[in-house]
Structure formats: C-alpha cells, structure tokens
Amino acid sequence: MTDSIQGGRSGDPLGVAVVGAGYWGPNLVRNFQASPHFRLRWLCDLDVDRARRVLGAYSTVEATADYAAVLADPEVDAVAVATPAGTHLEVALAAVRAGKHVLVEKPLAATYADGARLVAEAEDRELVLMCDHTYCYTPVVGSIREMVRSGEMGEIHFVDSVRINLGLVQKDIDVMWDLAPHDLSILDFILPESVEPVAVAAHGADPIGAGRACVAYLTLQLNTGAIAHVHVNWLSPTKVRTTMVGGAKRTLVWDDLNPAQRLAVFDRGVDLATPQEMGPSERREMLVSYRAGDMVAPALKEREALRAMVDEFAASITEGRAPLTDGRAGLRVLDILEAASRSLEFRGAVVGLRAGH
C-alpha cells in the first residue's frame, strides 16, 4: 500500500471516483456519499448530463466524461467501476496502473483470462481489487457463512439454490451469466476454505427462440463428494429466491422473499450408524435413522448490503489486506461460468474447473 493511503493523510476519508452512471452507479454514489470513510470526488460517464442528473443540481462532486482526468487526480485513492462487463478490463486496468484501488461490479470481467490479468496487475502493485458481490454483505448471508464455517451445520451434504422470475431477457448474455453470478458468489463465500467446486455440468433451454438459454440448471461437484445445484430462469411467472444448505447436523433454508422468516434452521435430517457402532447382525443392513428436531428462525440485523460492502472496501484499503470478496473470488465465479458455458455447448457434459487458483 502507498504511504498516503496507510496513514499519510492521518485518517482523512479516502477519495473515490465512480465510473458509470447507469443502472448500478447511482447506488454506489449514494453509499459512498453516505460513508464517513470516503469522499466522493468524481462521477465519470460518457453521458455527462446523465452523471449530472444522478448527482443532483447542488452537488459539489465533479461530473465528467474524461476518465484520464479522474485517474490523474492525486486526491483519488480508489475507483469503483460500474460500466458494462465488456469494458471492465480496460477501465479497471487503467485505474490499477494509475495506482488506484479498484472496486468492480460483477462479473469481475467478461472472461476468465481478462479477470486473471486484472488480479495479477493489482497483486503486483499491492493494490486492493474487490468484487461487489453485494449479496455476500447481507446480514442473512453473513449468518449462513458463520454457521457453515463454524461447523454448526456439520459436513455440508448439498446446496440447492433457485433464482427464478419473469425477467428481462438480456440481449448480450444468457440467463446463466445474468443471474447465476449471484448464487455462485454466495456459494463461494459461504463454503469452508477446504471445500470447493471441482467440476460443473450445465443444461439450458431456449423455448421462446431468444437465441440464448432462458432457463438453466447448473450442477456442481464439490471436492468432498457433495453437490451444489443452481436453477436460474427468466420465464417463471412467479418470483422465487431460495437457498437450502444441507449439513450432517442441520439444514438451513433461506427465503429472500419472506422478510418475516428469511432464515430457518432445521435440526432435522438423516443419521447413518457407522459399522463400528453396530453389532454383527446389524451390519447386514446399514441403519438409517431420521432426526426430527426443532426449527429455529434466527434474528437478523437489518442493514443495507451496499453500505456493508463499502465499509469492507474502506477497511481492506486502510488495513492493507484482501477484502472478503477479492479479485480471486471474482475469478472463481468466472471459472464456473466459463466451464458451464462449455458444458452447455456439449449438451451437459461435465467440465472440470481450474482447481486451487
């Protein structure tokens, strides 16, 4: 980290610029402006009038289409990139080469190769590269991560995720690239460090003739022998956002559309007696018993995920450490998406992932 970031300005807010005033940019602008850790200095967009509208008539933040001027500003410590995915490499790489810490919207880049270039450049310069995997900063996903990683759930047996609705059919990407990054980033975030996907098989369909998959199912093999499944769909008349994590001790169900009971933890499951615990006669038939315990709905603190994400970005910069959703987390998601695309081309063939990157 540079001296100016790590204490040269004695705790002053970090200067930040947002690039992209379209769909997600205004949300970043609002959260950076509300954070005591940052001072928003620029909003950069090819459409300067749009940037000015986002900022409002009385804002002191500069609106510009000149990205070079933003990068040349010594008061800018960090850049948040909210441009289309195809431009992420060019925009983020320029920021890294200008010595800025970088936050990038999902996906990290349009391809794994582009993402790997970004990660390598940021690591070489000891700069923070963070992915805005927003769901990972929700209170509910934080609780799930804690339960899974603490061992409270027991060994993970399966993960099942459904993200379906009557959605906007995208012109440039299929439903898998549009919706699955949410679920894949959550999976990457909650799994223990010793557990990782090693292969994926994907099946998709385009029943409306859109020219790309509008319904898709991804099945991931984990290195432990467990399985994870993701269902994404633009054509469902009803909206469903559920994730189930099944462990040897407990199973949890997250229903994101049920604010009254967003998370439920079940002490119910299947127990299998081991041969050592059984007598000779019992070994002839393995004993399966069903456990029917209580259901608990943990209390969750309500907090805007983007605010927590912005706080983590600031903390990673000032502490000189990798953020919870760093560039490598973004790479792992890209790895799965690219492998899933290859699987779709080969009608559901199992495709291996790059292990241990």
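The expected span of a helix is 1.5 Å times one less than its number of residues. I begin there because I will use that rule on one helix in this structure, which is a predicted model.

Take helix 9, residues 305-319. It has 15 residues, so at 1.5 Å a residue it should span 21 Å. The C-alpha atoms at its two ends are 21 Å apart, which agrees with that expectation.

Is helix 9 enclosed or open to the outside? Of its 15 residues, 11 are buried, so the rest of the structure largely encloses it. Among the buried ones are A305, L306 and A308 towards the start, and A314, A315, S316 and I317 further along. The buried set also includes a charged residue type, E312, together with M309, V310 and F313. As a general point, an α-helix has 3.6 residues a turn, so residues three or four places apart point the same way. Just after the helix comes G320, with a positive phi of about 65 degrees.

Now the chain as a whole. It has 357 residues, and 48% of them are buried. The secondary structure amounts to 10 helices and 15 strands. Consider the contacts with a separation of 6 or more: 66% of them are between residues 24 or more positions apart. The accessible surface is about 17,000 Å², and carbon and sulfur atoms hold 52% of it.

Next, some strands. Strand 8, residues 197-205, and strand 9, residues 215-222, run antiparallel and are joined by eight bridges. One pairing to look for is H203 with Y217, the latter in strand 9. Strand 9 is also joined to strand 10, residues 227-233, by seven bridges, and that pair is antiparallel too. Here T219 stands opposite H229 of strand 10. Strands 9 and 10 form a hairpin with four residues between them, and in that hairpin G225 takes a positive phi near 95 degrees. In a regular strand, side chains alternate between the two faces of the sheet.

Last, the charged pairs. Side chains of opposite charge can pair when their charged atoms come close. How many salt bridges does a search of the whole structure find? The search finds 15.

One of the salt bridges is between D73 and R41, with the closest N and O atoms 3.5 Å apart. D73 lies in the loop between helix 4 and strand 4, while R41 lies in strand 2, so the pair ties together parts that are 32 residues apart in sequence. D73 has a relative accessibility of 13%, which is under 20%, so it counts as buried.

A second salt bridge joins R332 and D188, at 2.5 Å from N to O. This pair links distant parts of the chain: R332 belongs to helix 10, residues 327-345, and D188 to helix 8, residues 175-190, and the two are 144 residues apart. R332 is at 28% relative accessibility and so counts as partly exposed. D188, at 25%, also counts as partly exposed.

A third salt bridge is formed by D256 and R262, whose closest N and O atoms are 3.5 Å apart. R262 counts as buried, at 19% relative accessibility. Finally, R97, E121 and R125 are joined into one network by salt bridges that share partners.

Note on methods
Residues are numbered from 1 along each chain as its sequence is written. This is a predicted model: local features need pLDDT of at least 70, side-chain atom pairs count only at pLDDT 80 or more; totals for chains, interfaces and linings use all residues. Side-chain values use heavy atoms; hydrogens and water are left out. Buried means under 20% relative accessible area, exposed over 50%, partly exposed in between (1.4 Å probe, protein chains only). Contact means heavy atoms within 4.5 Å. Accessible areas come from the Shrake-Rupley method with a 1.4 Å probe; for residues, only the protein chains shown count as cover. Two strands pair if DSSP finds at least two bridges between them. A salt bridge is a side-chain nitrogen of Lys or Arg within 4 Å of a carboxyl oxygen of Asp or Glu.
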